[in-house]
Amino acid sequence: MLSESMETAINGQINKEIFSSYLYMAMGMYFEAEDLSGAASWMRTQALEEMTHAEKFMNFVNERGGRVTLQAIAKPAFAWDSPHAAFTAALEHERFISASINDLVASARKDNDYMSDNFLQWFVGEQVEEEASVSEVIRMFKLAGTSGGGLLMIDRELGSRVFTPPAAE
Ligand code: OFO
């Protein structure tokens, strides 16, 4: 049985994951408006992935006899100064999510809740990957600068990302 405090904390995390999805969908729409369809597709794929994170948390709460209570989702920004700025904002957001996952692990350990701790380790690993992949895109945009050809190449590369749902638990 999930403790009340862990249930509340995970419900907060579910909200953050759904907000992440909403934020990346907003970034996807920004890239659509900028005619960067590859970057738009990358962000829309990321938005789908974030919903699977929320689902993973929801399934866990249900399996442990807790209650999922969905909260209002905040309005995301809708425009950024450049592709580089949008991905930099995405990295900042992922760092915020990593810190939030770390806090959940710390609470689980403080309460000797090893089931939650074990479950959360998947997210710890996922955050390493997410921060690394966004950092890589930022590096590419930085190298391209304002070169139209460079931006086009990056956009094509980003468009090749495909959505792979995480393995079901
Ligand atoms: Fe972007 O990561 Fe979810 O957790």
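Me: In which helix does Asn15 lie?

Reply: In this predicted model, Asn15 lies in helix 1.

Me: Why does Asn15 count as buried?

Reply: The relative accessibility of Asn15 is 19%, and buried means under 20%. Asn15 therefore counts as buried. Not counting residues up to four places away in sequence, Asn15 touches Gln71, Ala72 and Ile73.

Me: Which residues of the largest nonpolar core touch the most other members?

Reply: That core has 26 residues, of which Phe31, Met43, Phe87 and Leu158 touch the most other members. At least two residues come from each of helix 1 (4-33), helix 2 (37-63), helix 3 (83-110), helix 4 (114-144) and helix 5 (148-158). Helix 1 contributes the most, with 7 residues. There is also a second, separate core of 19 residues, which includes Leu2, Ile97, Ala108 and Phe123.

Me: What is Phe31 in contact with, leaving aside its neighbours within four places in sequence?

Reply: Phe31 is in contact with Leu36, Ala39, Ala40, Met43, Pro83, Ala86 and Phe87.

Me: How many aromatic pairs are there, and what makes the pair of Phe31 and Phe87 tilted?

Reply: The count comes to 10 aromatic pairs. For Phe31 and Phe87, the ring centres are 5.6 Å apart and the planes stand at 40 degrees. Centres must lie within 6.5 Å for a pair, while planes under 30 degrees apart count as stacked and over 60 as edge-to-face. An angle of 40 degrees falls under neither heading, so the pair is tilted.

Me: Why is the pair of Phe31 and Phe87 said to tie together parts that are apart in sequence?

Reply: Phe31 belongs to helix 1 and Phe87 to helix 3, so the pair ties together parts that are 56 residues apart in sequence.

Me: What makes the pair of Phe87 and Phe141 tilted?

Reply: This pair has a centre-to-centre distance of 5.6 Å and an angle of 40 degrees between the planes. The angle is neither under 30 degrees nor over 60, and the pair is therefore tilted. Phe87 in helix 3 and Phe141 in helix 4 are 54 residues apart, and the pair links these distant parts of the chain.

Me: How do you know whether Phe87 and Phe141 are buried or exposed?

Reply: Phe87 has a relative accessible area of 0%, and Phe141 has a relative accessibility of 5%. The limit for buried is under 20%, so Phe87 is buried and Phe141 counts as buried. Ring pairs link both of them with Tyr30, Phe31, Trp42 and Trp80 into a cluster.

Me: Why does Trp42 count as buried or exposed?

Reply: Trp42, found in helix 2, has 7% relative accessibility. As buried means under 20%, Trp42 counts as buried. Leaving aside neighbours within four places in sequence, Trp42 is in contact with Phe87, Ser133, Val134, Val137, Leu158 and Arg161.

Me: How do you know that Arg161 lies over the face of Trp42?

Reply: Arg161 is at 4.4 Å from the ring centre of Trp42, and the distance criterion is within 6 Å. Lys56 likewise lies over the face of Trp122, at 4.3 Å from the ring centre.

Me: Why is helix 2 called roughly parallel to helix 3?

Reply: The two helices pack at an angle of about 10 degrees, with their axes 14 Å apart. Angles under 35 degrees count as roughly parallel, and helix 2 is therefore roughly parallel to helix 3. Trp42, Met43, Glu50 and Phe57 of helix 2 make the contact with Phe87, Ala90, Glu94, Ile101 and Leu104 of helix 3.

Methods
Residues numbered from 1 in each chain as written. Predicted model: local features only at pLDDT ≥ 70, side-chain atom pairs only at ≥ 80, totals over all residues. Heavy atoms only, no water. Core = buried A, V, L, I, M, F, W, Y, C linked by side-chain atoms within 4.5 Å. Buried < 20%, exposed > 50% of the residue type's maximum accessible area, 1.4 Å probe, protein only. Helix = DSSP H or I, 4+ residues; strand = E, 2+ residues; numbered from the N terminus. Contact = heavy atoms within 4.5 Å. Phe/Tyr/Trp six-rings, centres within 6.5 Å; stacked < 30°, edge-to-face > 60°. Lys NZ or Arg CZ within 6 Å of the ring centre and 35° of its normal. Axes fitted to C-alpha atoms, helices over the stretch in contact; angles between N-to-C directions. Parallel < 35°, antiparallel > 145°, perpendicular 65-115°, else oblique.
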